[in-house]
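The report below walks through one protein chain, beginning with single residues and ending with the whole fold. Please keep the sequence and the 3D view at hand while reading.

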Amino acid sequence: MTDSEIEITTDLVRELLQEQHPDLAGLAIREVAGGWGNQMWRLGDELAVRMPRMEGATDLLRKECRWLPVLAPRLPLPVPTPVRIGQPSARFPRPWSVMTWVPGEPLDYTSISRGDHSADTLAGFLRALHVEAPTEAPTMSDRGAHPKKCTDGFEDFLQGVAPGGLAADVRAVRAVWDDAVAAPEWEGPRVWLHGDLHPANVVVSDGTLSGVIDFDAMFAGDPAWDLAAAWVLLPAGAGRRFFEVYAYADEATVRRARGLAAMKSLFLILMGQAGDRGLPGGKPTWGPAGRAALDRVLAA
């Protein structure tokens, strides 16, 4: 999951700032737990430093820095936006970034208590984000397609869940997926998508959604990939309100979104199991979030 030959430390971050952005080097630096492709530090109270752990994360960082300034001004929730770009150097051979810090607690460490407010907030955010993207907008090779093209991945996730890790009826989970596969394809224009809405990529304050982070998967495509968040993020009972407020999802899109929510829930469960076993890249907090999301998918 990481490139072990590059050790990213607080001292390294400080040295890079002193070298390239000395006006920021005097701010307090505090490592932030979590992260996958990137390792992150708080920089003072309002900024964060993102350092790519893996070679593949470099292109994703560049994509964030290219497109977030275009999208952020029209979004109704705080999102991280680039303030500075660090250049590759002898100390660190990849680009890195200084972004605005989005305050709040990641949802995989807390819960939403204001379900209706969060449904309205998420729907408003996605309505603002889901506009037709330009032809040069990025695509993703591993997501964005109709669910029927992702069946191998769904089956791998379903079979990969450890025995006893899935309280839900496997046949019921597969039925949701089969319904998504049978749904008509998206026929509208490619729209901007966050692409990776799950509990670790949103933050909560005062019991409601207060920010969206980690846009390195952003791409243009079928809105169902983001609308799966109705089950993956929102508490039980809030999904109906979300779709009423969002207003632009037809029956086929909801069917595709529900199936994708099932697949995303299985992935969260798998990552949680990896974390419970102490495996590299595992996330113990994702398992309970995934099981709760799958319960909501099956109850819909």
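Asp 206 counts as exposed because its relative accessibility is 68%, a value over the 50% cut-off used for that class. The model is a predicted one, and in it Asp 206 lies in the loop that runs between β8 (202-205) and β9 (208-212). Its phi is near 55 degrees, which is a positive value in a residue other than glycine. Asp 214 likewise has a phi near 55 degrees, again positive in a residue other than glycine, and Asp 214 sits in the loop between β9 and β10 (219-221). A positive phi, near 75 degrees, is also found at Gly 278, which follows helix α9.

A further aspartate, Asp 120, has its place in helix α3. With a relative accessible area of 28%, Asp 120 is partly exposed, because that class lies between the limits of 20% and 50%. Once neighbours within four places in sequence are left aside, Asp 120 is in contact with Arg 241 and Val 245. The C-alpha atom of Asp 120 is separated by 36 Å from that of Ala 162, although the two residues are 42 apart along the chain.

Two helices can be set side by side by their expected and modelled spans.

| Helix | Residues | Expected span | Distance between end C-alpha atoms |
|---|---|---|---|
| α2 (residues 55-71) | 17 residues | 24 Å | 25 Å |
| α9 | 26 residues | 38 Å | 37 Å |

For α2, the expected span at 1.5 Å a residue agrees with the distance between its end C-alpha atoms, and the corresponding values for α9 agree as well. Helix α2 nevertheless bends by about 25 degrees at Cys 65, with a proline, Pro 69, following within four residues. Cys 65 is itself one of the buried residues of α2, which also include Ala 57, Leu 61, Trp 67 and Leu 68, together with the charged-type names Lys 63 and Glu 64. What do the buried residues of α2 pack against? Their partners are the strands β2 (38-43), β3 (47-52), β4 (82-86), β5 (96-100) and β7 (191-193), along with helix α3 (115-129).

Helix α9 is mostly covered, since 20 of its 26 residues are buried.

The interior can be described next. The largest nonpolar core has 69 residues, and those with the most contacts inside it are Phe 125, Leu 126 and Phe 242. Helix α9 (residues 251-276) supplies the largest share of this core, namely 10 residues. A second core, separate and made up of 17 residues, includes Ile 8, Leu 24, Ile 29 and Phe 92. Returning to Phe 242, its contacts beyond the neighbours within four places in sequence are Ala 119, Leu 122, Ala 123, Leu 126, Leu 227, Ala 230 and Leu 234.

Finally, the chain as a whole has 10 helices and 10 strands. Its radius of gyration is 19 Å, close to the 19 Å that the globule rule gives for 300 residues, so the chain is as compact as a globular protein of that length. Along the principal axes, the C-alpha trace spans about 55 × 40 × 35 Å. Buried residues account for 52% of the 300 residues, and of the contacts between residues at least 6 apart in sequence, 72% join residues at least 24 apart. The accessible surface comes to about 13300 Å², with 51% of it belonging to carbon and sulfur atoms.

Conventions. Residues numbered from 1 in each chain as written. Predicted model: local features only at pLDDT ≥ 70, side-chain atom pairs only at ≥ 80, totals over all residues. Heavy atoms only, no water. Core = buried A, V, L, I, M, F, W, Y, C linked by side-chain atoms within 4.5 Å. Buried < 20%, exposed > 50% of the residue type's maximum accessible area, 1.4 Å probe, protein only. Helix = DSSP H or I, 4+ residues; strand = E, 2+ residues; numbered from the N terminus. Contact = heavy atoms within 4.5 Å. Expected span 1.5 Å × (residues − 1). Bend = angle between axes of the 7 residues up to and from the residue. Rg over C-alpha atoms; globule rule 2.2 N^0.38 Å. Areas by Shrake-Rupley, 256 points an atom, 1.4 Å probe, with all protein chains shown as cover.
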